[in-house]
Amino acid sequence: MLAYIIRRVFQSVIVLLAVGLVAFSMFRFVGDPIENLLGQERTVQDVERLREALGLNDPFAVQYARFLGRAVTGDFGISYRQSRPVSQIIAERAPATLELAFVSGVLALTVGIGLGVFTAIRRDGWAANIIMSVSLIGVSLPTFLIGILLIYLFGVQLRWLPTFGRGDVVDLGWWTTGFLTSSGLKSLILPSITLGLFQMTLIMRLVRSEMLEVLRQDYIRFARARGLSAKSVNFRHALKNTMVPVITVTGLQLGAIIAFAIITETVFQWPGVGLLFINAVQFVDIPVMAAYLMLISVMFVMINLLVDILYVWVDPRLRIDGRHT
Amino acid sequence: MDMPVLSLRNLTVDIPTRHGTLRPVDDVSWDIAAGEILGVVGESGAGKSMTGNAVIGLLDPPAHISAGEVLLEGERIDNYTLAQMRRVRGKRIGMVFQDPLTSLNPLLTIGEQLSETILRHLDVSRSEADARAIQGLDEVGIPSARNRMGAYPHEFSGGMRQRVVIALALCAEPTLLIADEPTTALDVSVQAQIIALLKRLCRERGMAAMLVTHDMGVIAETADRVAVMYAGRLAEIGPVSQIVGQPRHPYTDGLMASTPAASAGQARLRQIPGAMPRLNRMPDGCAFHPRCPRAQDKCRVNPGPKVGTADERAACWFPIEQDEAAA
């Protein structure tokens, strides 16, 4: 078990090194940072002095090692545009994105699994058929369109919910939260639905098809033949067996929720890291882009690691510690 | 005679399809007394498993019981609601399926699966349920049962898993056991152990059993009486010695003659020409007549009459008589 986790961690580190290389390459190949830092009026000596000062004349490997060394300590340099440390800018923005992603993820998981189980058990019921048809919308409509439709309906026409921003937030010093104010909570509703809808329908359809498969298995038949209650057969016996593939997809999708928050944040002007990234792209603010890239890849890698550990927890066949031998 | 544990009265199962109604089980009647093992034999698709599923109420829709009655200890259960049936399954009828590798939930320990079933049917505390589970495992011959409670199904061999399945089916002490090909998926050496185990449990508990199989060896070894099914109908039923030794229905006769016996020095096994008709192409009259050496005109018009007593009868116009068989 421990060896399994250590091996996975080791693999994760290799992935992060590779992503770090890509992020670092942006500095080298997406334009010359000197061009951005010095204006039109410059001498060759100025350029050379700055190159030397920034360490840009060192060999590639040395620069990469330096970049990694700083990245590990959370130092991604100074934003070209805001002239402030990138880590500081991201730390300000991260709570907004993480809170949004958290609410979307919880929504997608609970509603997705719930509806998936329901539509599998009531396979031929009218309610299940309606849910399945409606879910096609969630799978097929692009996120920005859903966001705009929701804004139009609940923001513009009904005027029930705010259409942009986080509302009032409470500053806890190291974290700003929208969970503690009613305007903050209200502001979360539309963006989190927009962000989570695709994942919700995906999880629902996945749970449904896995569940239908599992319900055909002999052990479900045997559970029924032992007179177990419908609740026990459906949830204790069937749902647990659908969880391994669901965890895989859900894990990746949670990563996707954070990464693709870019679109939702743009539509709702949500002050998170996604919006920060879009702005950084517009101004070729490479340190911010590189930091964002690293941040997202760290999250993906961590989620994958978590998923691998969850498998073992759910499926005893993967436990290779020989507890019962 | 005591009241039989299970009585089937003209049980008929229908499957409505777009191209007409199929009848996988047609007018089947038999009794099983307490402590008695009824072997049910027949080719694949003869309706053996379907009959078992009909008894325990696990027919897959659209299959349903369209006529006849199922009586459990004199009580009619075929019209029970699902909720009532859940109290019968496991508690009064235990069922064992063919493949022990897939019959157990891979994600729950066998202890969890056992206690869950016991708690469902018996009014006992959790610790008592565990104690009964251990006792049940002990009874089916799982070594060091106490230590195996926390083990998962994949940690057992096929034969051991079938023992666990039997323990599960019997943990709430049902009066009737339906075993649907319980040894088919097992090694021959393990088959004998499982059969011996089932036989012992039936005798010790006075439990009635319906043993579905296509293995004549298993039947001859285990059953007290044998029911031979053909194309959904009961061809012949009788004590095992008669079915094996002096079959009256030509199909039973053919079935016995085509079973290899280790002792007999037969040069060549006899075979029944042709194949069992498919459900959507059932011939008129006796379903066996296209393959029957004794078939005459009236066999092609009307199904064979039931000749004999309730305990031993064959559905045939021209049953094989005793003196004839001897000749």
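This is a short selection-by-selection tour of a predicted model with chains A and B.

**Stop 1: the annotated stretch of chain A**

Select residues 94–311 of chain A. The UniProt record, an unreviewed entry, places the feature "domain: ABC transmembrane type-1" there. Colour the stretch by secondary structure: residues 94–311 of chain A are 80% helix and 2% strand. The end C-alpha atoms of the stretch lie 29 Å apart.

**Stop 2: a helix pair in chain A**

Now pick helix H8 (residues 182–215) and helix H10 (residues 230–259) of chain A. They pack at an angle of about 160 degrees, and their axes are 9 Å apart. Angles over 145 degrees count as roughly antiparallel, and H8(A) and H10(A) are therefore roughly antiparallel to each other. The crossing of H8(A) past H10(A) is right-handed.

Show side chains at the contact. On H8(A), residues to display include A:Leu195, A:Gly196, A:Gln199, A:Leu202, A:Ile203 and A:Glu210. On H10(A), they include A:Ala238, A:Asn241, A:Pro245, A:Val249 and A:Ile257. Which kinds of residue make up the contact of H8(A) with H10(A)? It divides into 13 nonpolar, six polar and one charged.

**Stop 3: where chain B touches chain A**

Switch to the interface. Chain B puts 27 residues into the contact, and chain A puts in 21. On the chain B side, select helix H2 (82–88), helix H3 (100–103) and helix H4 (110–121); each supplies at least two residues. H4(B) gives the most, with four residues. Colour this side of chain B by residue type: it divides into eleven nonpolar, eight polar and eight charged.

**Stop 4: H4(B) and its packing partner**

Keep H4(B) selected and add helix H7 (residues 158–170) of chain B. These two pack at about 20 degrees, with axes 9 Å apart. That makes H4(B) roughly parallel to H7(B). Their crossing is right-handed. From H4(B), the contact uses B:Ile110, B:Gln113, B:Leu114 and B:Thr117. From H7(B), it uses B:Val164, B:Ala167 and B:Leu168. Five of these contact residues are nonpolar, two are polar and none is charged.

**Stop 5: the eight-stranded sheet of chain B**

Next, show strands in chain B. Eight of them form an open sheet with mixed pairing, in the order S6-S7-S8-S3-S9-S10-S12-S11. Which strands stand at the edges? They are strand S6 (93–96) and strand S11 (306–308); each has a single partner strand, so one side of each is left without a neighbour in the sheet. Neighbouring strands are turned by 20 degrees against each other on average, direction ignored.

Zoom to strand S3 (residues 37–41) and strand S8 (residues 208–212) of chain B. They run parallel, joined by four bridges. Label B:Val40, then look opposite in S8(B) for B:Val212.

Add helix H1 (residues 48–56) of chain B. H1(B) packs on the sheet and touches S3, S6, strand S7 (176–180), S8 and strand S9 (225–230). The direction of H1(B) makes about 145 degrees with that of S7(B).

**Stop 6: the four-stranded sheet of chain B**

Finish with the open sheet S2-S1-S4-S5 of chain B, where the pairing is antiparallel. Strand S2 (20–32) and strand S5 (75–76) stand at its edges, each with a single partner strand, so one side of each has no neighbour in the sheet. Select strand S1 (residues 6–17) and strand S4 (residues 64–72) of chain B: seven bridges join this antiparallel pair. To see one bridge, label B:Leu8; its partner in S4(B) is B:Val70.

Methods. Residues are numbered from 1 along each chain as its sequence is written. Chains are lettered from A and ligands numbered from 1 in the order in which they are written. This is a predicted model: local features need pLDDT of at least 70, side-chain atom pairs count only at pLDDT 80 or more; totals for chains, interfaces and linings use all residues. Axes are lines fitted to C-alpha atoms, for helices over the stretch in contact, and angles run from 0 to 180 degrees between N-to-C directions. Angles under 35 degrees count as roughly parallel, over 145 as roughly antiparallel, 65 to 115 as roughly perpendicular and the rest as oblique. A crossing is left-handed if the near helix is turned anticlockwise from the far one by less than a right angle, and right-handed if clockwise. Two residues are in contact if their C-beta atoms, placed from the backbone, lie within 7 Å. Ala, Val, Leu, Ile, Met, Phe, Trp, Tyr, Cys and Pro count as nonpolar, Asp, Glu, Lys and Arg as charged, and the others, Gly among them, as polar. Two strands pair if DSSP finds at least two bridges between them. UniProt positions are given in the numbering used here, feature names are shortened, and annotations may be inferred rather than shown by experiment.
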